[in-house]
Amino acid sequence: MSHTATLLASGKVLIAGGDTGAGGHGAAELYDPATGVFTATTGAMADPRIAHAAALLPGGQVLLAGGQSVVWDAKLAERYDPLTDSFTRTAGTMVEMRLGHTATTLSSGSVLVAGGESYLASVTAELYDPATDSFTLLLKP
């Protein structure tokens, strides 16, 4: 529960994170619908997390952003690269802490990260730019 499932260009599905009952789960699996088989990714997530959001990036990588991690830093983000089967933290962190938010890939290739819970009710949005590997706040109440 509280994991993400993202359809990759290969047709496989990346299932990442989730709640183990004792906190965030740092493992990820690939599901192959052609064979019905789940396979663990070679590398673990950089930060175990729950209630995060995921979005497929134009180059085929997946952005995993926010959520609650072991260190409770809901600003952390990372990218999964299906070519290397590995996770890497993004250079920048999100501007605001978020749980249960959305991440939507725009036609420009950027990702709109919006809403969710934080210490304050989050009515903000931010934009992730994969070219600069950074987040920018778009809306402040």
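A residue counts as buried when its relative accessible area is under 20%, and aspartate 85, at 15% relative accessibility, is therefore buried. This is a predicted model, and the briefing below moves from an open sheet of 4 strands through the nonpolar cores to individual residues in loops and to pairs of aromatic rings.

**The open sheet and its first hairpin**

- The 4 strands of an open sheet follow the order S1-S2-S3-S4, and their pairing is antiparallel.
- S1 and strand S4 (37-40) stand at the edges of this sheet and have a single partner strand each, so one side of each is left without a neighbour in the sheet.
- On average, and with direction ignored, neighbouring strands of this sheet are turned by 25 degrees against each other.
- Strand S1 (residues 4-7) runs antiparallel to strand S2 (residues 13-16), and 4 bridges join the two.
- Within this pairing, threonine 6 stands opposite leucine 14 in S2, while alanine 5 has isoleucine 15 of S2 as its bridge partner.
- S1 and S2 form a hairpin with 5 residues between them, and in the turn glycine 11 has a positive phi of about 95 degrees.
- The two faces of S1 can be told apart, since Thr4 and Thr6 make up a covered face, whereas Ala5 and Leu7 make up an uncovered one.

**The nonpolar cores**

- In soluble globular proteins, nonpolar side chains tend to be buried together.
- The largest nonpolar core of this model has 12 residues, including Ala53, Ala55, Leu63, Met94, Ala103, Val111, Tyr128 and Phe135.
- Two or more residues of this core come from each of S6, strand S7 (62-65) and strand S12 (111-114).
- Apart from this core lies another, of 11 residues, and among them are Met45, Leu64, Tyr80 and Phe87.
- Valine 111, a member of the largest core, lies in strand S12 and counts as buried because its relative accessibility is 0%.
- Although valine 111 and alanine 55 are 56 residues apart in sequence, their C-alpha atoms are 7.2 Å apart in space.
- Beyond its neighbours within four places in sequence, valine 111 is in contact with residues that include Ala55, Leu57, Leu63, Ala103, Glu126 and Tyr128.
- Alanine 103, when residues up to four places away in sequence are not counted, touches Ala53, Ala54, Ala55, Val111, Leu112 and Val113.

**The loop between S5 and S6**

- Histidine 52 has its place in the loop between strand S5 (49-50) and strand S6 (53-56), and with a relative accessible area of 6% this residue is buried.
- The side chain of histidine 52 makes a polar contact of 3.2 Å with the side chain of threonine 4, a residue that belongs to the covered face of S1.
- With neighbours within four places in sequence left aside, the contacts of histidine 52 include Ser2, His3 and Thr4, as well as Ala16, Gly17, Leu64, Gly67 and His101.
- Alanine 51 lies in the loop between S5 and S6 as well, but it is partly exposed, with a relative accessible area of 23%.

**Positive phi values outside glycine**

- Most residues other than glycine have a negative phi, and most peptide bonds are trans.
- Alanine 51 has a positive phi of about 55 degrees although it is not a glycine.
- Aspartate 85, in the loop between strand S9 (77-81) and strand S10 (86-89), also has a positive phi of about 55 degrees without being a glycine.

**Aromatic pairs**

- A search of the whole structure finds 3 aromatic pairs.
- In one of them, the rings of tyrosine 31 and phenylalanine 38 have their centres 4.6 Å apart and their planes at 40 degrees, so this pair is tilted.
- Tyrosine 31 is partly exposed, with a relative accessible area of 25%, and phenylalanine 38 likewise counts as partly exposed, at 47% relative accessibility.
- The rings of tyrosine 80 and phenylalanine 87 have their centres 4.9 Å apart and their planes at 45 degrees, so this pair is tilted too.
- Tyrosine 80 and phenylalanine 87 are both buried, and both are among the 11 residues of the core that lies apart from the largest one.

Methods
Residues are numbered from 1 along each chain as its sequence is written. This is a predicted model: local features need pLDDT of at least 70, side-chain atom pairs count only at pLDDT 80 or more; totals for chains, interfaces and linings use all residues. Side-chain values use heavy atoms; hydrogens and water are left out. Buried means under 20% relative accessible area, exposed over 50%, partly exposed in between (1.4 Å probe, protein chains only). A polar contact is a pair of N or O atoms within 3.5 Å; within protein, one must be able to donate a hydrogen and the other to accept it, and residues adjacent in sequence count only if both atoms are side-chain atoms. Contact means heavy atoms within 4.5 Å. Two strands pair if DSSP finds at least two bridges between them. A nonpolar core is a set of buried Ala, Val, Leu, Ile, Met, Phe, Trp, Tyr and Cys residues joined through side-chain atoms within 4.5 Å. Rings of Phe, Tyr and Trp (its six-membered ring) pair if their centres lie within 6.5 Å; planes under 30 degrees apart count as stacked, over 60 as edge-to-face and the rest as tilted. Axes are lines fitted to C-alpha atoms, for helices over the stretch in contact, and angles run from 0 to 180 degrees between N-to-C directions.
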